[in-house]
Amino acid sequence: MKVGIPRTLSYYTYYPMWKTFFEKLGVEVIISDPTSKQILDDGMREAVADACVPIKLYHGHVINLINKVDYIFIPRMVSVGREDTFCPKFLGLPDMITCSLENLPNLITTRIDLKKGKLELLKVFYSVGSIFTKNILQIIKAARASMISLKEYNKGFLEGGIPPLNLKRDDIKGDITLAVLGYPYMLYDPYLSLDLIKKLLSFGVSVVTPEMLSKSQKARQAPKLKKTLFWHYSNNVMRTVHHFFENGGIDGIIHVTAFSCGPDFIVDKLIELESRERNIPFLTITFDEHTGEEGLRTRLEAFVDMLRLRRTAI
Amino acid sequence: MKVTFPYMSNSHIAITNILEGLGNEVIPPPKPSKLTLSYGTKYAPEFACVPFKITLGTYIETLEMGADTIVSTGGVGPCRAGLYTTLQEKILRNIGYEFEMITFEPPSRYLKDIIRNFKKLVNKKVSLVEIIKLIWFAWEQLTLLDEVELESFKIRPCEVKRGETTRAYRKIVDIIAQAKNRDDLKEARKLADKIYSSVDRYEDVDPLKIALLGEIYVVMEPTANLEIEETLGELGAYVERTMFFTDYTINNAITDLFHLKGDRDAKKAAVPYFNEMCGGHGRESVGNTILYAEKGFDGVIQVAPFTCIPEIVAKSILPTVAEEYGIGFLSISIDEQTGKAGIQTRLEAFVDLLARKRKKKREEKIA
Ligand code: SF4
Ligand code: SF4
């Protein structure tokens, strides 16, 4: 039995957990290939025209898995806590996929909504696991192992590395530090982000991303916004900004966003206005399917040069 | 204190009355124009949805006219509208305006805030009874406005002289807007009947039936959707929409207060295709497409702001649904560059297509 996991969106936050879980149930896990032109083109062709690039890309990754697996895992990510939900496009994702793509294998579209508490997660594990085994004990064991994998993965971030890019703490250093903010599926997809993080590192710049702050560090910043944002990843980004406003330690901010992203028009403008108030250099990089490598390099270089100059001036 | 608020369709008439009745000086928002949108576009982020840009533009216009208090509504997501005012307030302050922003959140979560906010807007001695009367009257006024609008949809496709219904409708709206009490409203109702009955009509027309659905602001505000209803009516189609101001308010404020689920039928119908609440009206769009198909409508048109999240989800589902139910489907996405001429052409083509489809269906039936 083979289960496919599309390599984008919530993949970057949760895949070690699901991979372990399925494997412990004796199911083989196939991850779609790393993002490529082909995958992006497939997504562009099949997804609704107005969608943002990440959603189109998701369509491409699902197509990449067709004919390779018995099941594709497309959970309906609703929420992982009480205060917010995922972007509405995540909420409607299984419906979009079913209506837009043909020749799909079986889909596992379990609804993940942990608003009522962590116990809900058990139910999720059970409903996914019971597709493959009737043995409850095995499901519980697999669930436990999967949580441990996830913890390991997150630890990689907390220790100052970026596991999905294979970066360890020691790989990330430089004379200036940038907060690179955005959603995991933008930041950690080297194709989509045109290797933005590695480019910065090659300029001798150190980076911090929202995943590198602990949950409690972010939670502490919650009251800074009069009204909590509705979306999970967006709150992570906002709170990371507020963390650095409070504690310092960065020379500038780069906000990485997708062309026509719904939530980000609010997030981006809030960060822009607030960093201007505090006189912290701020740059928005908007990605779409046409963003060019050279243009990006030039903009990043100019920004970094400006920060270095600023530093010597002070 | 000079109070203003966002513009949406005819609601400004009733809102102005309430605010004035509570003793406020009101700066009613002007009807959104090119200028409004250009202000909004200038100061809003590029990817903001059109309703955000229009309301922001309106605030700038009214602040320039001397308003110092903005009253608006919030919301609970998961879509963006509930966060509009948070960002709009920051943007306006950044431009340099000074004002107070009063945001009414839905009652179930923030009842205390509502009461506190409401008190700020009571600026003369009024008894509770008077307040209730005031709101009651506003409600009746809005209901009547919705009624006469609905009637205009029915008359327009039958009109002999193009544009006559629209002129009649505008006249009637003016009369209702002037009403000061319930007797005036009764009088207005009678006048409306008289005015409408003087519109020359063809008998025996069986117009194409088209439903308008999508995101609430662009569906309801004719300047935002570039008068789609009027255009369609003048192309000889009967247009229906599910959203009217009075039932929107009921669905959102009252059902929220009692934890009821509004628009249940549409949501239920949508379930096989669209199984999640995504904010906005995306799911209703899907459900209503099914309901209208079952009612024998010829087509549905989805209007949505460019980048509108729930409607993008709906849009990827709607073609499948429309095909399965054999109803025509057109999606129009609206941003500040959308021009009336472009829409007109697309609507004409759509109406043609539906007419041909209908003819074919009928021929098949006879054969
Ligand atoms: S958050 Fe933005 S980029 Fe992510 S799915 Fe939603 S609209 Fe797309
Ligand atoms: S429903 Fe659409 S138009 Fe309304 S706030 Fe959400 S994205 Fe904007």
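Domain bounds here come from an automatic or database domain assignment. Keep that in mind as you work through these exercises on a predicted model.

## Exercise 1: The two domains of chain A

Task: Find which domains chain A has, how many ångströms (Å) apart their C-alpha centres lie, and how many residues each gives to the contact.

Solution:
- Start with the bounds: the assignment splits chain A into domain 1 (2-156) and domain 2 (166-313).
- Next, take the C-alpha centres of these two domains of chain A, which are 26 Å apart.
- Then look at where they meet: domain 1 of chain A puts 27 residues into the contact, and domain 2 of chain A puts in 22 residues.

## Exercise 2: The second largest pocket

Task: Work out what lines the second largest pocket, and which element gives the most.

Solution:
- Get the volume down first: about 1,000 Å³ for the second largest pocket.
- Its lining is made of 35 residues, and nearest the centre you'll find Tyr14(A), Val80(A), Asn154(A), Lys215(A) and His232(A).
- Now go by element: α1 (11-24), α7, α10 (215-219) and α11 (232-247) of chain A each give two or more residues to this pocket's lining.
- The top contributor is α7(A), with seven residues.
- Sort the lining of the second largest pocket by class and you get 18 nonpolar, eight polar and nine charged residues.
- Finally, link back to Exercise 1: domain 1 (2-156) and domain 2 (166-313) of chain A each supply at least three residues to the lining of this pocket.

## Exercise 3: Enclosed spaces

Task: Say how many cavities of 30 Å³ or more the search finds, then describe what lines the largest cavity and the second largest cavity.

Solution:
- Searching the whole structure turns up five cavities of 30 Å³ or more.
- The largest cavity has a volume of about 170 Å³.
- Around the largest cavity sit 23 lining residues, with Cys87(A), Phe90(A), Tyr183(A), Tyr185(A) and Cys261(A) nearest its centre.
- Two or more of the lining residues come from each of α3 (53-65), α4 (88-91), α8 (184-187), α11 and β9 (252-258) of chain A.
- By class, the largest cavity's lining holds 16 nonpolar, five polar and two charged residues.
- Domain 1 (2-156) and domain 2 (166-313) of chain A each give at least three residues to the lining of the largest cavity.
- On to the second largest cavity, with a volume of about 130 Å³.
- It has 15 lining residues, and Ser10(A), Tyr11(A), Tyr58(A), Phe73(A) and Pro75(A) are the closest to its centre.
- Here α1(A) gives the most, with four residues.
- The class count for the second largest cavity is 13 nonpolar, two polar and no charged.

## Exercise 4: The nonpolar cores

Task: Find which residues have the most contacts inside the largest nonpolar core, and trace what Phe22(A) touches.

Solution:
- A general point to begin: in soluble globular proteins, nonpolar side chains tend to be buried together.
- The largest nonpolar core has 144 residues, and Trp18(A), Phe22(A) and Leu200(A) have the most contacts inside it.
- Follow Phe22(A), skipping neighbours within four places in sequence: its contacts are Val3(A), Ile5(A), Val27(A), Val29(A), Phe73(A), Val128(A) and Phe132(A).
- There's a second, separate core too, with 28 residues, including Val50(B), Leu226(B), Ile332(B) and Ile334(B).

## Exercise 5: Four residues, buried or exposed?

Task: Place Asn166(A), Ser9(B), Thr69(B) and Thr98(A), then decide whether each is buried, exposed or partly exposed.

Solution:
- You'll need the cut-offs: buried is under 20% relative accessible area, exposed is over 50%, and partly exposed is in between.
- Asn166(A) sits in the loop between α7 (136-158) and β7 (176-181) of chain A. Asn166(A) is exposed because its relative accessibility is 65%.
- Ser9(B) is in the loop between β1 (2-4) and α1 (11-21) of chain B. With a relative accessible area of 8%, Ser9(B) is therefore buried.
- Check phi for these two. Most residues other than glycine have a negative phi. Asn166(A), though, has a positive phi near 60°, and Ser9(B) has a positive phi of about 50°.
- Thr69(B) belongs to strand β3 (residues 69-73) of chain B. Its relative accessible area is 2%, so Thr69(B) is buried.
- Not counting residues up to four places away in sequence, Thr69(B) touches Met1(B), Lys2(B), Val3(B), Thr4(B), Glu100(B) and Ile102(B).
- Thr98(A) is part of helix α5 (residues 93-100) of chain A. Thr98(A) has 47% relative accessibility, so the verdict is partly exposed.
- Leaving aside neighbours within four places in sequence, Thr98(A) is in contact with Leu104(A) and Leu107(A).

Definitions and conventions:
Residues numbered from 1 in each chain as written. Chains lettered and ligands numbered in written order. Predicted model: local features only at pLDDT ≥ 70, side-chain atom pairs only at ≥ 80, totals over all residues. Heavy atoms only, no water. Buried < 20%, exposed > 50% of the residue type's maximum accessible area, 1.4 Å probe, protein only. 1 Å grid on protein atoms, 1.4 Å probe; cavity = no way out; pocket = protein on both sides within 12 Å on 5 of 7 lines; lining within 4 Å. Points joined across faces, edges and corners; volume = space filled by probe spheres on them. Nonpolar A, V, L, I, M, F, W, Y, C, P; charged D, E, K, R; others polar. Core = buried A, V, L, I, M, F, W, Y, C linked by side-chain atoms within 4.5 Å. Contact = heavy atoms within 4.5 Å.
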